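Welcome! Here are some short exercises, each with a worked solution. Take a look at the structure and work along at your own pace.

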Amino acid sequence: MRLLPFVSLALATTALAASVDDYVATEGPIAEAGLLANIGPDGSKSSGALAGIVIASPSTTSPDYLYTWTRDSSLVFKVVVDQVVAGNTSLQGLVDDFVTAEATLQQVSNPSGTVSTGGLGEPKFNIDETAFTGAWGRPQRDGPALRSTAIIEYATWLYNSGNTTYVSNTLWPIIKLDLDYVASNWNQTTYDLWEEVSSSSFFTTAVQHRALRQGATFATLIGQTSVVSNYQTQAANLLCFLQSYWNPTGAYITANTGGGRSGKDANTILTSIHTFDVDAGCDDVTFQPCSDKALSNLKVYVDSFRSIYTINSGISSTSAVATGRYPEDSYYNGNPWYLTTLAVAEQLYDALSTWTALGSLNVTSTSLAFFQQFDSSVTAGTYASSSTTYSTLTAAIKDFADGFVTIVADYTPSTGELSEQYSKADGSQLSAVDLTWSYASAVTAFAARSGATETWGAAGLTAPSTCSTGGSGSGGSSGDTIAVTFTVDATTTYGENIYLTGSVSELSNWSTTSALLLSAANYPEWSITVNLPPSTAIQYKYIRIFNGAVTWESDPNLSITTPSSGTYSTSDTWR
Ligand code: NOJ
Ligand code: NOJ
């Protein structure tokens, strides 16, 4: 839940801050109204959407976004629920409509399956609550996680206000469907949030982790204790897996395990703001906004846009610039997006709130390059809020954050409308008009700028030292296995991925369709860790898959004998 503190984190007022204050004052109400206009049945632009259905945008051509996406809708309703919980109960009827609509959609059979065979991973539906049957990047497994996080927040608030019957009888079954889906399918391949790359995806893993943690806490609250240990086990497995996205060489978070791109992606910035927990301090295990890894990542991500957009030319290398989904993006020729530029500002505002709460700021070797943008003489260490270094750095970071809002302000038309993209050439609006998610991103960035924080149980978490892939909700590792890390050096082309297959069931019994996808976080090294039986002779091979076409490595098969205990690693080169 988002809470507004009594004291804003605004520091000394600068001219920049004053102009951002003005933009926030005018754009804030427009964003709030723009968001509500896109919710059926009464939203002024909701164009026939049924009650509680969020349209992505009223645009019907170039692109046609008059559909409802589970991701967009859930992120939007998280914002609405935050407002209800904060006291704006006039929006409660809308939340009830949303829950009812989503409960219907859960049951709609669709190209991803039925409610019990994978249909919950379907990314988008028609706004009359029927299935969208066209070709699409499916499934997208972040949807059920984001939806349950939004509904759990609402249900917790209702339960604590005494409305226990409705919560237990109506809301819990809806929440449980999504959480059970996450618990049993999190380790399956998914399309990323941009609907393009099929592999594992940092944003998806992180929001799944959050959903199961909140799910375990909520189930305990309402006495549904039978699910708790499985949710906790799978959450621990997710947190373990989450660590593998960090690329220590590049000092950033690789967004997807597949896809053949740099991996620098707003996916990671959005993760930081959507899993922010002020009580978790600057923990890097959950990549908190002020963690050294998330700050280093923010710099690498932002810098990747400096030279590719004309509107960024001439801007100093330490000032805010327009940012988009990822530098290789070609959708509408690849442009900055409002929601990604605002997400950078929001991560920095969240970081400032946490430093305020901690009363200090820590610079590590990992985050040094980030902090040296603001003071080239700063060194690793902890700086108390009473120190000059703390004041200098936090003031500069507040200005840096405000700079991203200023970029958005500069490219907002006088009507205040926010589309999906703004042109990299001249900042004019492109792609879908009135994107609901753009408005939601403005509302949350502005709230974060006023010091809004939230907490969901990320404090004190640690990742297990050995990761388990979980299985079908079975409860995780059996204990008697050897973690074998397979690493192969393989140069690939864009869109091509490396998989592992072999002679045991853990290696898919030589299947090519269920072979294991390796991570390219350290490209051209591809790797994966698999739990295998001890003291066993195993044969394996790497395969490459490009547009569905499979290429096997040349013969003979590779082989290992796993040790009786400990771990094991291979170091192979593609043949
Ligand atoms: C539509 C998707 O929504 C968008 O994210 C993607 O970039 C384009 N299709 C191109 O694949
Ligand atoms: C394309 C974006 O890439 C995707 O994240 C979003 O869900 C849809 N558009 C709808 O807004």
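Before we start, one definition: Ala, Val, Leu, Ile, Met, Phe, Trp, Tyr, Cys and Pro count as nonpolar, Asp, Glu, Lys and Arg as charged, and the others, Gly among them, as polar. Please keep in mind that this is a predicted model.

**Exercise 1. Describe the residues around ligand 2 by class and by domain**.

Solution. Start with the classes: the shell around ligand 2 holds eight nonpolar residues, five charged ones and no polar ones. Next, pick out the nearest of its 13 residues, which are Y65, R71, D72, L193 and R325. Finally, turn to the domains: domain 1 (1-21 + 248-462) and domain 2 (38-239) each supply at least three residues of this shell.

**Exercise 2. Find polar contacts of ligand 2, and state how much of the ligand the protein buries**.

Solution. A pair of N or O atoms counts here if the two lie within 3.5 Å. First, look at Y65: an N or O atom in its side chain is 3.2 Å from a nitrogen atom of ligand 2. Second, L193 uses a polar backbone atom, 2.7 Å from an oxygen atom of the ligand. Third, R325 places a polar side-chain atom 2.8 Å from an oxygen atom of ligand 2. As for burial, ligand 2 taken alone exposes 300 Å², and the protein buries 98% of that.

**Exercise 3. Do the same for ligand 1, beginning with the residues around it**.

Solution. List the neighbours: W136, W194, E195, E196, R325 and Y331. Sort them by class, and you get three nonpolar, three charged and no polar residues. Now check the distances. E195 has a polar side-chain atom 2.4 Å from an oxygen atom of ligand 1, and E196 also has one at 2.4 Å from an oxygen atom of this ligand. For R325, an N or O atom of the side chain is 2.7 Å from an oxygen atom of ligand 1. On its own, ligand 1 has 300 Å² of accessible area, of which the protein covers 70%.

**Exercise 4. Step back to the whole chain: which domains and how many helices and strands does it have**?

Solution. The chain is divided into domain 1 (1-21 + 248-462), domain 2 (38-239) and domain 3 (482-573). Counting elements gives 13 helices and 20 strands. The radius of gyration is 23 Å, close to the 25 Å from the globule rule for 575 residues, so the chain is as compact as a globular protein of that length.

Key: Residues numbered from 1 in each chain as written. Chains lettered and ligands numbered in written order. Predicted model: local features only at pLDDT ≥ 70, side-chain atom pairs only at ≥ 80, totals over all residues. Heavy atoms only, no water. Near = heavy atom within 4 Å. Polar contact = N/O pair within 3.5 Å; in protein donor to acceptor, adjacent residues only side chain to side chain. Areas by Shrake-Rupley, 256 points an atom, 1.4 Å probe, with all protein chains shown as cover. Domains from an automatic or database assignment. Helix = DSSP H or I, 4+ residues; strand = E, 2+ residues; numbered from the N terminus. Rg over C-alpha atoms; globule rule 2.2 N^0.38 Å.
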